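This report covers the ring contacts, one helix pair and the overall layout of the chain shown below.

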Amino acid sequence: PDPRCFKSHWPSRDHVGRNAKGKYIYVMRNAQDQMVSHWNQVWGMGFHYGTEGMTFEGGWDGFFEDWINGDVENGSWADHVASWWARRGDPNVLFLRYEELKANPRKAVSRIASFVGLDISEEDLTRVVNVTSFDVMRRADQEDKGLRFMRWLGVLRTTHIREGHTGKGKMFFSAKQLAMLEEEYKQKLKPLGVPREYMFSTP
């Protein structure tokens, strides 16, 4: 069959076995920016997708507790990152950071093309970078008739594609929450050699 692409939010263990045919591109985002983005997504939808009994009575602070305890879809962020970090050296795994994609999209797209075995021209590279830009994605989200209808109904409270920035997540956290994130890093990721800046938001 022709090559095909599947998108998921699964940790490594939920993928079909490690074989020579499949290739995996894992994109991670620092914990603070990811949590803020995640919060806005589930708040916008009005529910925790894939989990039961979760509410928003506790607001952001309540969501932080859910997140740090892994009581969100796909579980703990740190466990998720750790599962793919262990496979970052596999020849069929490309481990990317969202921050790298934002800082230099051309370089990131080139790495992806090389990883999947494509010889991409400069013209095609420019086209891919343009059609996958944040502005194009946000415009597509705003113009999608189905999403517009759900927002009109009140099913969705906000747009799915919001800002796409890096480094703004750190503004949302209290000193206690930052300490809990620090402990999560020390317990789960630091022993694996994951750099601290992979966990925490930087300008």
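Ten aromatic pairs are counted in this predicted model. One of them joins tyrosine 26 and phenylalanine 95, whose ring centres are 5.3 Å apart and whose planes meet at 50 degrees, a tilted arrangement. The partners come from distant parts of the chain: tyrosine 26 belongs to strand β1 (residues 24-28) and phenylalanine 95 to strand β2 (residues 93-97), with their positions 69 residues apart. Both tyrosine 26 and phenylalanine 95 are buried. The two residues also belong to a cluster held together by ring pairs, made up of Tyr24, Tyr26, Trp84, Trp85, Phe95 and Tyr198.

Rings also take part in contacts with charged side chains. The table gives two cases in which an arginine lies over an aromatic ring.

| Arginine | Ring | Distance to ring centre |
|---|---|---|
| Arginine 29 | Tyrosine 98 | 4.2 Å |
| Arginine 196 | Phenylalanine 200 | 4.2 Å |

In the second case, the charged end of arginine 196 is the part placed over the ring of phenylalanine 200.

Turning to the helices, α2 (residues 59-68) packs with α9 (residues 175-189), their axes 12 Å apart and at an angle of about 10 degrees. Angles under 35 degrees count as roughly parallel, so α2 is roughly parallel to α9. On the α2 side, the contact involves Trp60, Asp61, Phe64, Glu65, Trp67 and Ile68. Helix α9 contributes Gln177, Met180, Leu181 and Glu184. Sorted by class, six residues of this contact are nonpolar, one is polar and three are charged.

Which residues of α2 are buried? They are Trp60, Phe63, Phe64, Asp66, Trp67 and Ile68. Trp60, Phe64, Trp67 and Ile68 are thus both buried and part of the contact with α9. Beyond the end of α2 comes glycine 70, which has a positive phi near 80 degrees.

At the level of the whole chain, the secondary structure consists of nine helices and two strands. Read from the N terminus, the order of elements is β-α-α-α-β-α-α-α-α-α-α. The chain has 203 residues, and 35% of them count as buried. Among contacts with a separation of 6 or more, 67% are between residues 24 or more positions apart. The pair of tyrosine 26 and phenylalanine 95, 69 residues apart, links such distant parts of the chain.

Terms used:
Residues are numbered from 1 along each chain as its sequence is written. This is a predicted model: local features need pLDDT of at least 70, side-chain atom pairs count only at pLDDT 80 or more; totals for chains, interfaces and linings use all residues. Side-chain values use heavy atoms; hydrogens and water are left out. Axes are lines fitted to C-alpha atoms, for helices over the stretch in contact, and angles run from 0 to 180 degrees between N-to-C directions. Helices (H or I, at least four residues) and strands (E, at least two) are DSSP runs, numbered from the N terminus. Angles under 35 degrees count as roughly parallel, over 145 as roughly antiparallel, 65 to 115 as roughly perpendicular and the rest as oblique. Contact means heavy atoms within 4.5 Å. Ala, Val, Leu, Ile, Met, Phe, Trp, Tyr, Cys and Pro count as nonpolar, Asp, Glu, Lys and Arg as charged, and the others, Gly among them, as polar. Rings of Phe, Tyr and Trp (its six-membered ring) pair if their centres lie within 6.5 Å; planes under 30 degrees apart count as stacked, over 60 as edge-to-face and the rest as tilted. Buried means under 20% relative accessible area, exposed over 50%, partly exposed in between (1.4 Å probe, protein chains only). A charge sits over a ring if NZ of Lys or CZ of Arg is within 6 Å of the ring centre and within 35 degrees of the ring normal.
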